[in-house]
Amino acid sequence: MRRPFPQPTPRRLTARQIDIGMAIALGLFTGGLCWLRLRYVPDAGDFRWALHTARSLLAGDDPYAFQPSPLLVPYPLPIAVFGFLFLPFSLVSDALAGSLFIGASSGVLAYAIARSGERWRLLMFATPVYVYALAYVQWSPLIVASWFIPVLAPLLALIKPHIALPVALNRLTRPGLLLAAAVLAISLLLDPTWPWRWLGMLGEYQRMIALFTLPAGWMLLIALRYWRDERARLLLGMAVLPFRGSYDLLALWLIPRSAWEMATLVALSWLPLAIERQGFLGCNPHGQCRCCSFPA
Amino acid sequence: MQPAWSVPLLFIPCLIFVILHGMRQRGHAPGRLARPSAGSMAEPGAWPEERRRSSPQGVAAAEQPPRNAETDATIVG
């Protein structure tokens, strides 16, 4: 009598494996999109500052030895940490390093959102704010990821203080503070004068502050009443600190608490774009800049 | 010339979400009570399942034997 051949039981993927797969796929997709975009602008967007600072330090040059302008506003010295991480890829091209940075940031953000149990928050990838962050190789996706991975938050506040500080102040942990303190100490050992010289070059930074730019922007202070709520504190912090363009506002998508609120905010984010495309870019409300040359 | 205020307009719906949540927390708004989201309960750095495991209530819940619906049912009459 023939015994039936035992059927192998199909191996089921765990939730973690699915999340990792999704994050890798999204990272590859967004990194690829960024790569296509950077064919039009052959540099690494804002990530070029990380590469520039790392290269200058390796060559023994001064990373702040240039005349600042509205398009040339330097970052703090600790940005070199990320520059060193991606420098090997810049041997091929800066665009490749920038694309990999955006792909990695987006993948980490997607994984962190998925593991938080709020998968509907992935809708933030469908906003024009994220698209611009991708197109200009911005730090905001990684800053939003640090809401879920707090060890990164203080370090990112060192690199882009005016955008990362509202997130970092809600995510202060001992390991995160130690990491940031170590990076800050090393940067001061390399060049003890960098904070003053960097601050002295910020005069050209084109900025707006929501509290003062919005009509009746003072109403945002109503959030003070709910100061015990971490998301109210996040909103307040973002309202009082300067930002340059819409791509800096991705952290606003941390505020919705349900899929409905999220969907509403995503839909509303497309509205200003439909009304006035140039206005939504918002990188320079008083003149021309490279952001407004985004190819249609 | 684009209006500069068109960019931070997105702060307004966010403010409304914060106010609505605050009102629900205080029990002023009609409808269901606010269910704290995973993020809002977050110990910084902890995933939800780790948070559940690390909290005293979570440990107690995990150590309890599964409840039996038949024995738990209130006997009436």
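Reader: Before we look at α1, what is the expected span of a helix?
Author: The expected span of a helix is 1.5 Å times one less than its number of residues. Please keep in mind, as we go on, that this is a predicted model.

Reader: And how many residues does helix α1 of chain A have, and what should they span?
Author: Helix α1 of chain A, residues 15-37, has 23 residues and should therefore span 33 Å, and the C-alpha atoms at its ends are 33 Å apart, which agrees.

Reader: Which residues of α1(A) are buried?
Author: The buried ones are Ala23(A), Gly27(A), Thr30(A), Gly31(A), Cys34(A) and Arg37(A).

Reader: What do those buried residues pack against?
Author: In chain A, the buried residues of α1(A) pack against α4, residues 94-115, and against α5, residues 128-135.

Reader: Stepping back, how many helices and strands does chain A have?
Author: Chain A has 14 helices and 0 strands. Its radius of gyration is 21 Å, close to the 19 Å that the globule rule gives for 296 residues, so chain A is as compact as a globular protein of that length.

Reader: What share of chain A counts as buried?
Author: Of the 296 residues in chain A, 45% count as buried. As for its contacts between residues at least 6 apart in sequence, 71% of them join residues that are at least 24 apart.

Reader: Now the largest nonpolar core: which of its residues touch the most other members?
Author: That core has 88 residues, and the ones touching the most other members are Leu156(A), Leu235(A), Leu250(A) and Ala251(A). The element that gives the most to this core is α4(A), with 12 residues.

Reader: What is Leu235(A) in contact with, leaving aside its neighbours within four places in sequence?
Author: Leu235(A) is in contact with Ala223(A) and Ile255(A), and also with Phe11(B), Cys14(B), Leu15(B) and Val18(B).

Reader: Chain B comes up there, so what is its secondary structure?
Author: Chain B has 4 helices and 0 strands, and 17% of its 77 residues count as buried.

Reader: Back to chain A: how do the axes of α2 and α3 cross?
Author: The axes of helix α2, residues 48-59, and helix α3, residues 80-90, of chain A come within 8 Å and cross at roughly 90 degrees. Since angles of 65 to 115 degrees count as roughly perpendicular, that makes α2(A) roughly perpendicular to α3(A).

Reader: Which residues meet there?
Author: Among them, Ala50(A), Leu51(A) and Leu57(A) are on the α2(A) side, and Phe82(A), Phe84(A) and Leu87(A) are on the α3(A) side.

Terms used
Residues are numbered from 1 along each chain as its sequence is written. Chains are lettered from A and ligands numbered from 1 in the order in which they are written. This is a predicted model: local features need pLDDT of at least 70, side-chain atom pairs count only at pLDDT 80 or more; totals for chains, interfaces and linings use all residues. Helices (H or I, at least four residues) and strands (E, at least two) are DSSP runs, numbered from the N terminus. The radius of gyration is taken over C-alpha atoms; the globule rule is 2.2 Å times the number of residues to the power 0.38. A residue is buried if 20 or more other C-beta atoms lie within 10 Å of its own, exposed if 12 or fewer, and partly exposed in between; C-beta atoms are placed from the backbone. Two residues are in contact if their C-beta atoms, placed from the backbone, lie within 7 Å. A nonpolar core is a set of buried Ala, Val, Leu, Ile, Met, Phe, Trp, Tyr and Cys residues joined through C-beta atoms within 7 Å. Axes are lines fitted to C-alpha atoms, for helices over the stretch in contact, and angles run from 0 to 180 degrees between N-to-C directions. Angles under 35 degrees count as roughly parallel, over 145 as roughly antiparallel, 65 to 115 as roughly perpendicular and the rest as oblique.
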